[in-house]
Each structure stands twice: as C-alpha cells, then as structure tokens.
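Subject: Structure handover

Hi,

Here is the structure for you to look over. My notes follow below it.

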Amino acid sequence: MELYMPVVALGIIATGFAVFSIVMSAVVGPKRYNRAKLDSYECGIEPTPQPVGGGRFPVKYYITAMLFIVFDIEIIFLYPWAVAFDNMAVFGLVEMILFILTVFVAYAYVWRRGGLEWD
Amino acid sequence: MTSSLVSQGDLVLAAEDLSMFGQDPWWLVVIKAVLIFLVLVLLTLFNIWFERRVVARMQHRIGPNVHGPFGLLQSLADGVKLALKEDIIPKAADKAVFLLAPVLSVVPAFLAFAVIPFGPVVDVPFTDDMTTPLQLTDMPVAVLFVLAVASIGIYGIVLGGWSSGSTYSLLGGLRSSAQMISYEVAMGLALVAVFLYAGSMSTSAIVDAQERIWFGLILIPSFVIYVIAMVGETNRAPFDLPEAEGELVGGFHTEYSSLKFALFFLAEYVNMTTVSALATTLFLGGWRAPWPLSAVNDGMFNEGYWPVLWFLSKILLFIFFFIWLRGTLPRLRYDQFMAFGWKRLIPVSLAWIVAVATIRSLSLDGGFDRTYLLGALGVVAVLFLVLFFLGGEEEEEQAEAEERPFDAFAGGYPVPPMPHQVAQARSQSPTVASSTASEGSA
Amino acid sequence: MTVVEVLFLLLGLVAAGSALLVVTTRTMVHAALWLVVTLGAVAGIFLLLAAEFVAWVQILIYVGAVVVLLLFALMLTKAPTGPQPDLDARRALPAVAVAGLVLAVLGTTVVAGFHGVELDLDGAVVGSAQTTGATIFQQWVLPFEVLSVLLLAALVGAIVLSRGTGRRGGE
C-alpha cells in the first residue's frame, strides 16, 4: 500500500490545482450577460436544434469501440505473458500464438466485412 | 486437467526489487510530489513557447519575443490573460459534467508521471545520510498504471464534448476519443516486446534492464510503432483531426473558455510530456547518459543528479520531434488515419510480437546460432514490408476501379477535380474525352 | 479495525452507493458516470487485497473501454443534456427481486468458496503480473484459449448486428 501513497499525494495536488483554477476563473473573470453568448456556438448562425430522440450517427464508432475492447483484452493477457515469458518458453509461445491467431481470425473477418473502412 | 502438470511451488516467482520505494518520510513525499507538479507546469509553459518559436523559425518568422528574455514569459502572459476572461457556461450545457470534464482530463495527465524515473538513488540535500530514488514511486505494474490512468483521460474529452450541448463539440469529442482508443491499442502492443526483454513492468526495473543497450536500438519496430502511436494518442499533427478547424471549429473544447480551456490545453501538453517520458524510459534508457558520456570516468555521469539532465534532454528531443512533425506534415484525412491505425500498425505489431517472442525463446534454449537470428530477422523484415505495401496497392486498385470520368458539374454545382482526376473542357463529348485521356496515359 | 479494513469498508460503501445512483439518476450519461465510480471503487478493493494487476486491469478494461463503449452507444442514440422524465422504473419491483437473487447467489458462492481464508497482505505478492501470468499460462490454459473464441464471437456478433448479414463490405 505504501507504494500508492505518493500517487494519492500527487493526485491531491493536481486535483486541488484544477479545482482552484475553475473556481478562480469563475471569480476573477468579468460577467457581462448576453443571450447570444450563452447559445451553442455554430459559426454565428442560430444553433441547429438537437434532433428529438437523438440524430443518426455512423455505427462505425460502435465497431471501433468494440474492436478496442477486444484488443485491449488481448493486450492485458499479453502483458503478464510477456513478464512471465522466461519461465514458460516454448509452451507459452505456442499458447499465445494460438490465442493471437484466433483473435486475428476475428480481426480478418471484421476487415473482410468492411468493418475497418471509414467512409 | 492441465493444472496437474505444474507444481504449486513454481508459481511464486522472483519479483522486482522495489524495496527502495515507499520508504520516504511523508515530508519527502510531499516535496517530491510538489516538485513533479511544478516541473510539469513549467515544462508546459516552456514547451508552448518552444513550439511557437520553433514553428516560427520553420516558417521564416520570428515568433513570440517580447515578454521576458527571448519571449520566454509569453505562455505565462497568455495564462494570466485567460484567467481574466469571462467564464462562459453555455445554456445547453450539463453544468456539473461541464465543470468535471477539464478536471478529469488534467488530473490523469499529472498522475501518470508518478512512476516515471528521473534518476537513480541520490543523497537528499541538507540531511546527514538519507538517500532516495529520484522517482515519486514505483510498482510492479507501473507501466500498466500509466496506461490505465491515461485511459481515464479519455473521459475528459468525451464528457467535455457531450456536456457542452453543441453539435461541434459532440462530434469533436467522439472523433477525438475514437482516435485515442484506436491508437491506444497500437501503443499497448508496442510495449509488449519491452516487457518481454525486461521481464518486468516496473519502470525502474526497465531502466535497469537497459544498462547494456537501449531497447530502442534492439527493438526498433516497437520503438517506431510506439512513436507513431504516441503522436496519434496525444492528438498532435499530423494526427490532430479533433482540432480540424475547417470541419469541427475547435473540437471538443469549442464551448470552453477562460481557465477551463486552459486546463484542456495544459492536459494536452502534459500528455505530450508524459508519452515522451514513457518513450524515454522504455526505449531510450531512461535517465542513463548517452553512449560516449556514459563511459566517461567510470560512469560518473550516471550518478548523482546528472541523470536528470539527460532525462530532460531526451524529453525535449521528443518534444522537438512533435514540433518538427507539426511544422512539416499536413493533416491526415480521418479515414486514412483510422485505416493506418487499424490496418497497418496493429497487424504489424502483432507480427512483431510473435517474432520477438520466437527469437527470445530460441535464445533462451541456448546454444543457438547468430545466423539463425539474422535469418529470422530477415524474414520478419520482409513480412513487414509486404504488410506495409501490399495493403496500399490493394486500396489503390480499389480506387482505380471506382474511378469515373470527372464531371465538373456534378449535381448541378461546379466542383473542382480531385487530385487524381483530370479536368476536361465541357464542350468535349464524353467519348472524345475518354479517348484523349487514354492517349495521355499511354 | 486496521487501516485496510476501514478503507475496505469505505470503498464498499462508495461502490454500493454509486451503484444505487446508477439506477436512480434521471440522466443517462450521469448513470454511466456513476457506473465508473462503482467500477473504480471495486478496483480500489482489488488493490487493497493485493491483487495489483487485476486492479489496474479493471480500470483499463472496464473504466477505459467498456464504459467508453457504453457512452458511445448513449451519445450516438439518445442522450440529451438534462434529465429525461421518461426514464421511469416501471418494472422496479421485479428488478429489485432479480438483483437480490443475484446478490444471494454470489454471496453464497463467495462465502462457500473462501470462508475462513486469510490473505497475508504483507507476504509475497500473490497478485503481481508474474504470478498472474504464470497461473494463467500454466494452470488455466484451456479457459484462456476458450476466451479467444469468446472474443471472436463478440466481434462477429458486433459486425453482424451493425452491418447486417449477406452483404459484403465495400459493396
């Protein structure tokens, strides 16, 4: 636990600084009310109203996030494998190659189906 | 069951020696934390000035040179100016999250620096015989800690974009976070080879493992992939798509003003410093002096407070590299950027990991030939080249197949030709146009 | 009570409290944020129990990836700033019943499995990356390989859901 105490200390300093800045800017800065100023910025025209029930956005973002989760999981298995590699040698290598290949099949499928194209 | 193959005794392995950490008295911890915080803030002020001066030089301008010697106080003046600006919270904003977002992006940026080693164990000045490592703390999973903390930083961007209640901000935030998570994968994969060779994820152990040779020299592909990924991860040119002014105004921080905007700015520059520091630690030997200096007088320059100088120099070298990129390269298109991350960097990283692990297990078996290694490296290099260029050709073929004769009045509006298209006079009939085009290409 | 026990209790309270806020808040994005707090508190508990590696994996995967996916999904469909009155809990009672049942089953499992086991927090690190790696890759080889198939299924599912079947990519 004592290894994490300094992290907490740095965290407190950083948070304190951030909160202080936000409070400062609210206190020090001028306040001149202007209705247009509080509107969302849209290059000077009246802001487009947000579509009711949400607009339609590309589903690409979802696939990207999904791919990210899968590869993230692969990465967190690769890390302990890499660290403990010297004790396992060939057996560990074969295991991991199998794992990477299986995930690679999924990756190839996504690629093939156009999941990596960003039109 | 496979478990019967392994005896329980094998499982307790030798851990890294971290006994020198967590021993500092509380006042020393506070001093170190404050020092790291100050160094990062000052380095940010310096980097902003440095960037403006260097980019100015590259563009045959002078850059800021009025405030203070060489204009060094310019960033400070900018900061004070920002503090005196009105603090606007848009009407459509979700106030609590709007205020939370800058904090969430700045705090993780600082936290990551807790495990970065600035130097070896040194004597504490003004005490009798107290020693302490020039590093706030270390843990067996230090690099994982950096990655985990960095992944929290994404929230600042997503939430900043969403809570503004503005279309530009939302799109900018989404784009930015999609970009960051894409390059986080490549970055994470690039580190595996380092762990493989160091046998540890603790930053101090990794620096120790580079006593003989820097990992950046023996693991060149990892280093290259990491450097590309770190530019993408920090949203810097040529990957600064979240700030593509022509498309998104300011991206996720469009609606932010005053010191809240400054906090996002600070987070971006601290993140630049953090990824540079991580690159230094993992690939360039950390605080170790570069080769000719390291041999001077029995490694005199690797002891005491000297290493801080090498460490900061290496970081500034990376910062200069960031600025150089910005001064040189145009911004990528979003689809090119994502395709590069997912279709090039990731398969190449995976292939490289397998190659490194194979070489490693061969060398662990002992009694193996150098020629073997060189042969394997050759195969890997060829594989790399094929992966890098084969895909490109495929895409070009696709693009060619899709190519249609250029219509200067598509949809009734005049449009300029794309780079690969040839503009034709309107009076020509389509058949004549295509025949002249084929003649031209022949 | 020792410091560790006090912290454990506090983190547990934070986790439970923010979990309650996840289901009661009226703004969807706020619910996702409270979920982050819950997951973070659980990571803190892992850390207290010397499972260092798992703690940071929890942050990296759940906080850094899974909730980001959730947020993407929310923002891409419907998540206006400001509360949504139509987020009422009409089936609150069955939900509470199911949650209670899950709690009972999980609680029984944990008590049955680890009753009376004492963790030596000052001894050799049991949750380090090395130990975790050695355990996964020497004892739990089969589950590990099966996991890759699960990941494959997840990606194929995502593609099928978002792209539909039958159509080839790139037309």
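Chain A has three helices and zero strands. From the N terminus on, its elements run α-α-α. Of the 119 residues in chain A, 37% are buried. Please keep in mind that this is a predicted model.

**Confidence**

The predictor gives the complex an ipTM of 0.87 and a pTM of 0.83. For chain C, the mean pLDDT is 82. In that chain, 84% of residues reach 70 or more. One stretch to watch is residues 167-171 of chain C, where the pLDDT is below 50. Beyond near neighbours in sequence, that stretch has seven contacts in the model. Where pLDDT is low, the predicted coordinates should not be read in detail.

**Chain A with chain B**

How many residues of chain B are in contact with chain A? The count is 72 residues of chain B, against 55 residues of chain A. On the chain B side, five elements give two or more residues each: helix 1 (26-58), helix 3 (95-111), helix 5 (167-198), helix 10 (258-283) and helix 13 (334-365). Helix 13 of chain B gives the most, with 15 residues. By class, the side of chain B that touches chain A has 49 nonpolar, 13 polar and 10 charged residues.

**Chain A with chain C**

Look next at helix 3 of chain A (residues 90-112) and helix 6 of chain C (residues 141-163). Their axes come within 9 Å and cross at roughly 5 degrees. The angle is under 35 degrees, so helix 3 of chain A and helix 6 of chain C are roughly parallel to each other. From helix 3 of chain A, the residues in contact include A:Leu98, A:Phe99, A:Val103, A:Ala106 and A:Tyr109. A:Glu95 and A:Thr102 also take part. From helix 6 of chain C, they include C:Phe144, C:Leu151, C:Leu152, C:Leu155 and C:Ile159. C:Glu145 and C:Ser148 are also among them. By class, this helix contact has 15 nonpolar, two polar and two charged residues.

**Inside chain B**

Chain B is divided into domain 1 (84-109 + 139-332) and domain 2 (333-402). Their contact takes 20 residues from domain 1 and 18 residues from domain 2. On the domain 1 side, helix 5 and helix 8 (220-233) of chain B are the elements that give two or more residues. Helix 5 of chain B gives the most to that side, with 11 residues. By class, the domain 1 side has 15 nonpolar, four polar and one charged residues.

Helix 1 and helix 2 of chain B form another pair to check. Their axes come within 8 Å and cross at roughly 110 degrees. That angle falls in the range 65 to 115 degrees, so helix 1 and helix 2 of chain B are roughly perpendicular to each other. The contact is made by B:Leu45, B:Ile48 and B:Trp49 of helix 1 and B:Gln74, B:Ser75 and B:Leu76 of helix 2. By class, it has four nonpolar, two polar and no charged residues.

**Two positive phi values**

Most residues other than glycine have a negative phi. B:His60 has a positive value, near 55 degrees. B:His60 is found in the loop between helix 1 and helix 2 (74-83) of chain B. C:Ala50 also has a positive phi, of about 65 degrees, although it is not a glycine. C:Ala50 is in the loop between helix 2 and helix 3 (52-76) of chain C.

Which of these residues is buried and which is exposed? B:His60 counts as exposed because it has 6 C-beta neighbours inside 10 Å. C:Ala50 counts as buried because it has 21 C-beta neighbours inside 10 Å.

**One more residue in chain C**

C:Ala32 is found in helix 2 (residues 28-48) of chain C. C:Ala32 is buried, because 22 other C-beta atoms lie within 10 Å. Leaving aside neighbours within four places in sequence, C:Ala32 is in contact with C:Val67, C:Leu70, C:Leu71 and C:Leu74. C:Asp120 is 88 residues from C:Ala32 along the chain, and the C-alpha atoms of the two are separated by 35 Å.

Best wishes

Notes:
Residues are numbered from 1 along each chain as its sequence is written. Chains are lettered from A and ligands numbered from 1 in the order in which they are written. This is a predicted model: local features need pLDDT of at least 70, side-chain atom pairs count only at pLDDT 80 or more; totals for chains, interfaces and linings use all residues. pLDDT is the predictor's confidence in each residue, from 0 to 100. Two residues are in contact if their C-beta atoms, placed from the backbone, lie within 7 Å. Helices (H or I, at least four residues) and strands (E, at least two) are DSSP runs, numbered from the N terminus. Ala, Val, Leu, Ile, Met, Phe, Trp, Tyr, Cys and Pro count as nonpolar, Asp, Glu, Lys and Arg as charged, and the others, Gly among them, as polar. A residue is buried if 20 or more other C-beta atoms lie within 10 Å of its own, exposed if 12 or fewer, and partly exposed in between; C-beta atoms are placed from the backbone. Domain bounds come from an automatic or database domain assignment. Axes are lines fitted to C-alpha atoms, for helices over the stretch in contact, and angles run from 0 to 180 degrees between N-to-C directions. Angles under 35 degrees count as roughly parallel, over 145 as roughly antiparallel, 65 to 115 as roughly perpendicular and the rest as oblique.
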